Amino acid sequence: MTRTTRPSSALPGTARRRPLRTARDLAAGTLAVGLAATLAACSTGTDPGADETAPSAAAEGWSWTSSGYGTTYELDEAPDSVVVDGYSAAALWDYGVRPAGVFGYGFSEAGALSIGNAQVDEMEVVGADAEFNLEKLLALEPDLVIGFGNEDGTAWTWWEDKVTEEATAVAPFVGMKFAGRPVVEVIEDYASLAEALGGDVESPEVTEAKAAFDERLDTLRGIAAEKPLTILPLNGAEELWVGQKNLGQLALLEELGFTIGGPQDQEAWAELSWERVPDYPADVVLSYTGSDEAMAANPVYAGLPAVQAGQVVGWDDKRPFTYASYVEWFDELIAVLDGAEVVSGTPAS
């Protein structure tokens, strides 16, 4: 669903390090280590005895364990400068973590960086979408690069092999795992990483958002118990895709008691022709952010009983992984689902 493009070439260069700014002071001074020393200081591996739910700090070093990959990342000193993808920037910002640079997806008007609180103009843009500028990365002299990880968490999932080699030679890569994981686990993973980076995970704002998150879950669970609603998650325009219930948001809705409609026999996404959409009756349609207008212009979509009833909610499976962001989405869901009627038995017009 995403198109990988070759990044522009860049020659290695050096520049003064831009420090990582957080809600807390991360380190006493700037790290004075070269790339070789940084890479040598970082090791990854699985420690069966490690507590994977919280960061840990060595007496004279820094470490953090990913609960998604079960990998522990270690440095001789706390990271002073980090570069992150758009999804990670959006998730870490609410805890006070201020990355030096940002890259990847999420820059669009409806993307994670716009939905959340992150300020793009306060970070150096290293590349948008799948493009990547190695020279800009080198200039920031990052201690860590953080982003949506590939299968084993060793690189950003949309980089080509050549870019992976170049980028991970500049700084160790910390992978964040989204695929096949509950939403709550991903949110907690980012909170854990934010704390390890010096962020404030116990601020009044975060505490209040966590309580609201739990309260909204109870509300949604109650709605699901009252009426048997089938939800159809659509994404696309000329090519149409149906979200699979192993996606975090859809897995959460199913866990709460709702039925996820459409063909459900693929990983993440199943392709579906518009002609076959009416074959999968639904009471509520999830309209993927960014494809809303294109779908609305399709007569098949416009004729769906759920759409005609106004029972449509926007969604994006990579919205900022914070409690506050999900409270906003839950409120949108509740506003529609609470008053929704079962219309899946109504023929599409």
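**A colleague's note on the predicted model**

1. Let me start at a glycine. Gly 104 has a relative accessibility of 0%, so it counts as buried. Gly 104 sits in strand E4, and this is a predicted model. Setting aside neighbours within four places in sequence, Gly 104 is in contact with Gly 127, Ala 128, Asp 129 and Trp 156. Gly 86 is another residue to look at here: its C-alpha lies 5.7 Å from that of Gly 104, with their positions 18 residues apart in sequence.

2. One of those contacts deserves a second look. Asp 129 has a positive phi of about 55° although it is not a glycine. Most residues other than glycine have a negative phi. Asp 129 is placed in the loop between strand E5 (124–128) and helix H4 (134–140). With 42% relative accessibility, Asp 129 counts as partly exposed, because the range for that class runs from 20% to 50%.

3. Ala 268 belongs in the same conversation. Its phi is near 75°, a positive value in a residue other than glycine. Ala 268 lies in the loop between strand E10 (259–260) and strand E11 (269–271), and at 23% relative accessibility it counts as partly exposed.

4. On confidence, the protein averages a pLDDT of 85, and 83% of the residues score at least 70. Over residues 1–58, however, the pLDDT is below 50; this stretch still has 130 contacts in the model beyond near neighbours in sequence.

5. Now the overall picture. The protein has twelve helices and 13 strands. Of its 349 residues, 52% are buried. Among contacts between residues at least 6 apart in sequence, 71% join residues at least 24 apart. The exposed area is about 15,400 Å², with carbon and sulfur atoms supplying 48% of it.

6. Which residues have the most contacts inside the largest nonpolar core? They are Trp 159, Leu 253 and Phe 258, in a core of 92 residues. Helix H12 (residues 323–337) gives the most to this core, with nine residues. Leu 253 touches Ile 231, Phe 258, Ile 260, Leu 286, Trp 329 and Leu 333, not counting residues up to four places away in sequence. Apart from the largest core lies another, of 15 residues, among them Val 242, Leu 272, Tyr 301 and Val 343. As background, nonpolar side chains in soluble globular proteins tend to be buried together.

7. Helix H12 is worth checking for its length. Its 15 residues should span 21 Å at 1.5 Å a residue, and the end C-alpha atoms are 20 Å apart, which agrees. The buried residues of H12 include Tyr 323, Tyr 326, Trp 329, Phe 330 and Leu 333. Ser 325 is also among the buried residues of H12.

8. Helix H7 (residues 204–226) passes the same kind of check: its 23 residues should span 33 Å, and its end C-alpha atoms are 33 Å apart, which agrees. Buried in H7 are Val 206, Ala 209, Ala 212, Phe 213, Arg 216, Leu 217, Leu 220, Ile 223 and Ala 224. These buried residues pack against helix H6 (183–196), helix H8 (248–256) and H12.

9. The aromatic pairs come to 27. In one of them, the ring centres of Phe 103 and Trp 159 are 5.6 Å apart and the planes meet at 15°, so the pair is stacked. Phe 103 in strand E4 (residues 101–104) and Trp 159 in the loop between strand E6 (144–148) and H5 are 56 residues apart, so the pair links distant parts of the chain. Phe 103 is buried, with a relative accessible area of 0%, and Trp 159 also counts as buried, at 8%.

10. Is the pair of Phe 178 and Phe 321 stacked or tilted? Their ring centres are 4.9 Å apart and their planes are at 50°, so the pair is tilted. Phe 178 is in the loop between strand E7 (173–176) and H6, and Phe 321 is in the loop between strand E13 (312–315) and H12, 143 residues apart. Both residues are buried.

11. A last stop is on the surface. Glu 165 lies in helix H5 (residues 161–170) and is exposed, with a relative accessible area of 59%. Glu 165 and Ala 155 are ten residues apart in sequence and 8.9 Å apart in space, C-alpha to C-alpha.

Definitions and conventions. Residues numbered from 1 in each chain as written. Predicted model: local features only at pLDDT ≥ 70, side-chain atom pairs only at ≥ 80, totals over all residues. Heavy atoms only, no water. Helix = DSSP H or I, 4+ residues; strand = E, 2+ residues; numbered from the N terminus. Buried < 20%, exposed > 50% of the residue type's maximum accessible area, 1.4 Å probe, protein only. Contact = heavy atoms within 4.5 Å. Areas by Shrake-Rupley, 256 points an atom, 1.4 Å probe, with all protein chains shown as cover. Core = buried A, V, L, I, M, F, W, Y, C linked by side-chain atoms within 4.5 Å. Expected span 1.5 Å × (residues − 1). pLDDT = per-residue confidence, 0-100. Phe/Tyr/Trp six-rings, centres within 6.5 Å; stacked < 30°, edge-to-face > 60°.
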